[in-house]
Amino acid sequence: MDRSKFLKLSSLAAMGWIIGPSLVACSKNTLFENPNYKGKVLIIGAGAAGLYAGYLLQSLGIDFQILEARNIYGGRMGKFEGLSDYTVDTGAQWLHGNNSILADLVKKSKTKITNDTSENTYWFQNQLVKTLPKDIEIFDKEGLPDISFEDYALQQGFGSEYKFIVESLAGDQGADASQLSAYWNHKDEENWVAGEDDFKFKDTYFHFIDQNIAQPILPKIQLNAPIDGIDYTVDKLQVKLKSGTILEADKVIVTVPISILKLNEISFSPALPTAKTEAFQKIGMGPGMKVFLRFSTKFYEDFVLGGSICAAYADDTVGKTTNDNVLLAFIMGEQAAYLSGLGSDAAIIQALLAELDLMYNNQASLNFLNGVVFDWTKEPYIKGAYGFSSVNMGDARKIATQPIDNKLFFAGEAMNINGHHQTVHGAVESAYKAVNDLILNLK
Amino acid sequence: MKKFLVLLILVLHFQVESQALSVELNYSFCVNSQFDKAVRVYNSARPFLTSKQPLFRNGIGAKIGYSFPTKKHPKVQYGFELGYSYFDSYAENDGFINDMQLHTLTPRFFTSTKITNRFLGQLILGLPNYGMFRQNNSEAVTNDETPIHAFGIGLSIRPQLSYQFILNEHISLSPTFGLEYCPFQYSPQGEALINQTKGLYTNNFNSFFGFDFGVKVSFLKARK
Ligand SMILES: Cc1cc2nc3c(=O)[nH]c(=O)nc-3n(C[C@H](O)[C@H](O)[C@H](O)COP(=O)(O)OP(=O)(O)OC[C@H]3O[C@@H](n4cnc5c(N)ncnc54)[C@H](O)[C@@H]3O)c2cc1C
């Protein structure tokens, strides 16, 4: 071959190398075009992740079934009608940000939401104040060490008087300040792109998910079907229910809370790789509860942070159509564990009223009408609030979410690897990732 | 900078044989596998959207350029141009409008040579700059109260052919056809902007492939 022929051929090959893949890529406009998969997928758990995984599979014409342990679907989203003239969200209630799959669904479905612009008030050194003497926004910057919020705050000169303010910040992440990593939490926040506004649904978050995602796949959800174990040695996976029934599937998507995986409540055969089970352990998940208190008048601010019994109180009626006054106590970590340990809902409510009395000159007890407690830690198939980034967490989320043998896939809020864990929209994104992994590996 | 400009003006002034200022309007087609993937993720993650978000493919562009031949090789010219292209991805679903725009602004340096009396072959090197923006129902999509933008920068290489029709002593008209290949680096916000995640699928280093055809009007200056 002479030189010029060689040059011509190699330039043609180079052009082909550049253009070829691009032109092939031109042909389709969705990653999932016609997967034409005839296998059966079982989804464990009917929370946001499980429901959305089913919704996606349905849209692709893939056979699936959702197995849910409890007698209701929705997981950590729920509603309760018996407290006031409107329905309260027993779990998730704020749509965080307007830039996510769910935010797009809100816009498309014209669901009514309100931007919750409640301003912070702090309970600081036994006084309600609008601003703190020192700016506590210390966790939102580069180069934080991998130590707990508590330790970092102390290191930065925020003494014991700031303890419960720091707890309220950690509580927002579903954690104790002593366990939440300043470094990993910030890393996750850097990836957060959903937007900073918090929106409340005119109805409930549960209602929105129910109407738009659960209803279209209702016949595929099997309630009261707790899973005991999954055998993935065989070609067809065998999913064993607690009732003893064994179901077969080609693929399984596990969406149970990370707490359930940490406690090995579902057995895997063969055992999951050590790296994976270690990763489960590294992802934090602490106790969490919501208590709603109804009062005859509104004597409280919209958002009070820093209580020693409950680090975050919020006016629950923001964005609702109601004549009632309902205050939400949002309790996480150590505080939730303490209140849970009091043993009865009445005792929990009494403890909260006592703190509010201190803040508001006995107004709470005077105006109290009724209240209701939702302790998520006591739910046998939830066992906590939501996954947080603990000290030394490293790549745990990425490892935890990796599929196994192209048969077992993992989703759920704690498996979200793009900064949106702890949220409903993050759970939905993790479901998308699991379905995506499943489909893209079919060939 | 000042020195450079003075030098440039001197070069332009003394080396010229027949300078030409040109303006071009073109149609552009582009393929970028990472943007494609991000749009595909957007679509496949949202089965509830019946109108799919189109890929960034078809765009329009304009260029303004200035060329001058060398004294030694009258068939060889070189010059500078500034190109702008605009690509759009727009979908409407029951009143929910998602509109994404991709703008590119590319300063280029080129050399061209006459293949025949009328055919001109050009080799162009460019420094494309990309900016991507997005609105929902005409409102910029924001994060932390600031609109999300994504930017990128690359290095492009571009062979181009044109055929010159001389209309009169001062004006020529040339249909042009060019291919462009451009490895580039874009901010991780690109993925975030398109499908609202970051670090899930796309990678920040990527390449564009595209072609365009258009019509160039050149305003020729008489020989000095
Ligand atoms: C008090 C509270 C407030 C919150 N507030 C918000 C908020 O305002 N905004 C927000 O975005 N997020 C909020 N969250 C977080 C949000 O609720 C979760 O991130 C999200 O709902 C998790 O969805 P998931 O599908 O990952 O898990 P889950 O909803 O927990 O679903 C998992 C399902 O698996 C089932 N399961 C468990 N074990 C088994 C088994 N062995 N067999 C079969 N099924 C099993 C469970 O019953 C459950 O239904 C809040 C959470 C809590 C607890």
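**Close-up views of a predicted model**

**View 1. Thr317(A) sits in the loop that links β19 (312–315) and β20 of chain A.** Welcome to this predicted model; we start with a single residue and its surroundings. Is Thr317(A) buried or exposed? With a relative accessible area of 15%, Thr317(A) is buried, because buried means under 20%. Which residues does Thr317(A) touch, once its neighbours within four places in sequence are left aside? Its contacts are Tyr86(A), Lys200(A), Thr322(A), Asp324(A), Asn325(A) and Val326(A).

**View 2. The ligand is surrounded by 40 residues.** Good residues to look for here are Ala49(A), Glu68(A), Arg76(A), Trp94(A) and Glu413(A), which are the closest. Sorted by class, the shell around the ligand holds 24 nonpolar residues, along with 11 polar and 5 charged ones.

**View 3. Backbone atoms of Ala48(A), Ala69(A) and Glu413(A) come within a few ångströms of the ligand.** At Ala48(A), a polar backbone atom is 3.1 Å from an oxygen atom of the ligand. Ala69(A) places a backbone N or O atom 3.2 Å from a ligand nitrogen atom. For Glu413(A), the distance between a backbone N or O atom and an oxygen atom of the ligand is 2.8 Å. How much of the ligand's accessible area does the protein cover? On its own the ligand has 990 Å² of accessible area, and the protein covers 99% of that.

**View 4. Helices and strands of chain A both contribute to the shell around the ligand.** Which elements give two or more residues to this shell? They are the helices α2 (48–59) and α14 (424–440), together with the strands β5 (94–96) and β20 (325–332). You have met β20 already: the loop that holds Thr317(A) lies between β19 and this strand.

**View 5. Stepping back, chain A is built from 14 helices and 23 strands.** Chain A has a radius of gyration of 24 Å, close to the 22 Å that the globule rule gives for 443 residues, so it is as compact as a globular protein of that length. Measured out along its principal axes, the C-alpha trace of chain A spans about 95 × 55 × 45 Å.

**View 6. Here the inside and the surface of chain A can be set side by side.** Of its 443 residues, 56% count as buried. Among the contacts in chain A with a separation of 6 or more, 73% come from residues 24 or more positions apart. The accessible surface of chain A is about 18200 Å², and carbon and sulfur atoms account for 51% of it.

Terms used:
Residues are numbered from 1 along each chain as its sequence is written. Chains are lettered from A and ligands numbered from 1 in the order in which they are written. This is a predicted model: local features need pLDDT of at least 70, side-chain atom pairs count only at pLDDT 80 or more; totals for chains, interfaces and linings use all residues. Side-chain values use heavy atoms; hydrogens and water are left out. A residue is near a molecule or strand if one of its heavy atoms lies within 4 Å of it. A polar contact is a pair of N or O atoms within 3.5 Å; within protein, one must be able to donate a hydrogen and the other to accept it, and residues adjacent in sequence count only if both atoms are side-chain atoms. Accessible areas come from the Shrake-Rupley method with a 1.4 Å probe; for residues, only the protein chains shown count as cover. Helices (H or I, at least four residues) and strands (E, at least two) are DSSP runs, numbered from the N terminus. Ala, Val, Leu, Ile, Met, Phe, Trp, Tyr, Cys and Pro count as nonpolar, Asp, Glu, Lys and Arg as charged, and the others, Gly among them, as polar. The radius of gyration is taken over C-alpha atoms; the globule rule is 2.2 Å times the number of residues to the power 0.38. Buried means under 20% relative accessible area, exposed over 50%, partly exposed in between (1.4 Å probe, protein chains only). Contact means heavy atoms within 4.5 Å.
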